[in-house]
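I opened this model to see how the chain is put together. My notes follow the order in which I looked things up.

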Amino acid sequence: MIDSITIENFRCFDKTTVKGFGLINLIGGKNNSGKTVLLEAVLLNQSPTNDVIELVQNLRGEDDKTRSALGDKAWDSLFYMQENNKQIKITSITQDTNHEVLIYCDKNYTEFSELIDEKTVNDPKIIEFKNKAVISNNIVLHIDGKSSTMGETSSLIILNDGGKFRKNNYSINSKPLGFVASNVRIDQSDIARDFDIAYENGFFTQIINGLNIIDSSIKDARTSTSAGKARIILARENEKFMPLSLFGDAITKILDITLTIITAKDSLVLIDEIENGIHHSSQQTFWRHLIKLARAFNVQVFATTHSEEMIKALNTVALGSEYESDVMYFEMAKHAKTNKIKGIATDMRTLQSKLYSNTPYRGE
């Protein structure tokens, strides 16, 4: 479980350390205060892979076509003040492990050339790509990771008008991480895959409990295939099965979160804008469900929110409960003079005091 993280030269962070994380961590703050970037930093720190680099850019609308068109500026959005001549460094500390990830750009093609030569010298497509890359002098993105328990890993990505070359080793964190984005439509086939895994491992009750937060009449769930694609179908009591899509966004959101936690056992789950689609009347029940899941599956949760109601719901559920010590709230705020971002750890008793004394707690 991550205790603290230090982020340098990444997106909106110059250099910031956030510490005091618990099992459940809710992150609040004003717009552009670094909430989502903190999730991205945790994700990259724990899984410094090409897939994750591209995920955090794709979620912001930067796909391969966009990156290729930008040339030497393809990766600038990852760097503080878009200065790609500086190195990103993300370091996390846990009770028994330290993870350090370095991300940097240069025009050093040595490793790339060696890898190409090792792979093949006869494939015309690879030869053409290599020649274009070297001639165009495009920038290379390097991702280097080091863990005190898992060893080292390195990756690189090169883009040019001939396509993309990716080299990746294993992830530092060998366990699967879960990421629930705020602005991407959930793929039904992905949910169906995770549902089957959870069901086969005996976790059907947890799935139904999650669905019942929004609709207590749902009694059954299963996967089916339609037009060659797997999907989830649900049934209310004494009714026929219907597709998940007919039950509304909140049902889909809670099912996705439930399955993500179950399949990320002994790892981490990151949830951006956790309040989306969940009515305030269901939020306390939702938090109880999520906390119980996280404890049962030993999953550390990091979630962002803009919602005062969601923050109050968590505080009401956790304060004075058996799991109060598992829950922390973090206020992301910019310094009035330096504009640098800091993350302020707040336990549930302190949060309650702020909530009901009109003390700012969301970066105001």
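These entries go from the whole chain to its sheets, then to a helix and two single residues.

**Entry 1: the whole chain**

I noted before anything else that this is a predicted model. I counted secondary structure next and got 11 helices and 16 strands in the protein chain. The radius of gyration came out at 22 Å, close to the 21 Å that the globule rule gives for 364 residues, so the chain is as compact as a globular protein of that length. I then boxed the C-alpha atoms along the principal axes and got roughly 65 × 55 × 35 Å. I checked burial too: 49% of the 364 residues count as buried. Last, I looked at contacts between residues at least 6 apart in sequence. Of these, 67% join residues at least 24 apart.

**Entry 2: the seven-stranded sheet**

In what order do the strands of the open sheet of 7 strands run? I read S2-S1-S4-S5-S6-S7-S8, with antiparallel pairing. The edges are strand S2 (13–19) and strand S8 (163–168), each of which pairs on one side only. From one strand to the next, the twist averages 10°.

Helix H1 (residues 35–46) packs on this sheet. I found H1 touching strand S1 (2–10), S2, strand S4 (88–94) and strand S5 (98–106). The direction of H1 makes about 105° with that of S1.

I looked up a second helix here. Helix H2 (residues 50–58) lies across S5, S6, S7 and S8. H2 runs at about 130° to S8.

I also took one strand pair by itself. Strand S6 (residues 140–147) and strand S7 (residues 151–160) pair in the antiparallel sense, with 8 bridges. As one register point, I noted that Val140 has Ile158 in S7 as its bridge partner.

**Entry 3: the three-stranded sheet**

I moved on to an open sheet of 3 strands, ordered S10-S11-S12 and paired antiparallel. Strand S10 (218–226) and strand S12 (242–243) are its edge strands, each pairing on one side only.

How many bridges join S10 to S11? I got 8, and the two strands run antiparallel. Asp220 has Ala235 in S11 as its bridge partner. S10 and S11 form a hairpin with 2 residues between them. In that turn, Ala227 has a positive phi of about 50°.

On the other side of the pairing order, strand S11 (residues 229–236) is joined to S12 by 2 bridges, again antiparallel. Leu234 stands opposite Met242 in S12.

A helix covers part of this sheet as well: helix H6 (residues 188–200) lies across S10 and S11. I noted that H6 runs at about 70° to S11.

**Entry 4: helix H11**

Which residues of helix H11 (residues 348–355) are buried? I listed Met348, Leu351, Lys354 and Leu355. Seen down the axis of H11, these buried residues fall within an arc of 120°, so they line one face of the helix. The general spacing rule is worth a note: an α-helix has 3.6 residues a turn, so residues three or four places apart point the same way.

I then asked what covers the buried residues of H11. The cover includes helix H10 (308–318), strand S15 (327–334) and strand S16 (341–346).

At the start of H11, I found a polar contact: a side-chain oxygen of Asp347 reaches to within 3.3 Å of the backbone nitrogen of Arg349.

**Entry 5: Glu308**

Glu308 lies in helix H10. I read a relative accessible area of 34% for Glu308, which is partly exposed. Leaving out residues up to four places away in sequence, Glu308 touches Tyr361 and Arg362. Glu308 and Tyr361 are 53 residues apart along the chain, and their C-alpha atoms are separated by 9.7 Å.

**Entry 6: Ser33**

I placed Ser33 in the loop between strand S3 (24–29) and H1. Is Ser33 buried or exposed? Ser33 has a relative accessible area of 4%, so it is buried, the cut-off being under 20%. The side chain of Ser33 reaches the backbone oxygen of Lys30 at 2.6 Å. Not counting residues up to four places away in sequence, I found that Ser33 touches Met332 and Ile341.

Definitions and conventions. Residues are numbered from 1 along each chain as its sequence is written. This is a predicted model: local features need pLDDT of at least 70, side-chain atom pairs count only at pLDDT 80 or more; totals for chains, interfaces and linings use all residues. Side-chain values use heavy atoms; hydrogens and water are left out. Buried means under 20% relative accessible area, exposed over 50%, partly exposed in between (1.4 Å probe, protein chains only). Helices (H or I, at least four residues) and strands (E, at least two) are DSSP runs, numbered from the N terminus. The arc is that of the directions from the helix axis to the C-beta atoms. Contact means heavy atoms within 4.5 Å. A polar contact is a pair of N or O atoms within 3.5 Å; within protein, one must be able to donate a hydrogen and the other to accept it, and residues adjacent in sequence count only if both atoms are side-chain atoms. Two strands pair if DSSP finds at least two bridges between them. Axes are lines fitted to C-alpha atoms, for helices over the stretch in contact, and angles run from 0 to 180 degrees between N-to-C directions. The radius of gyration is taken over C-alpha atoms; the globule rule is 2.2 Å times the number of residues to the power 0.38.
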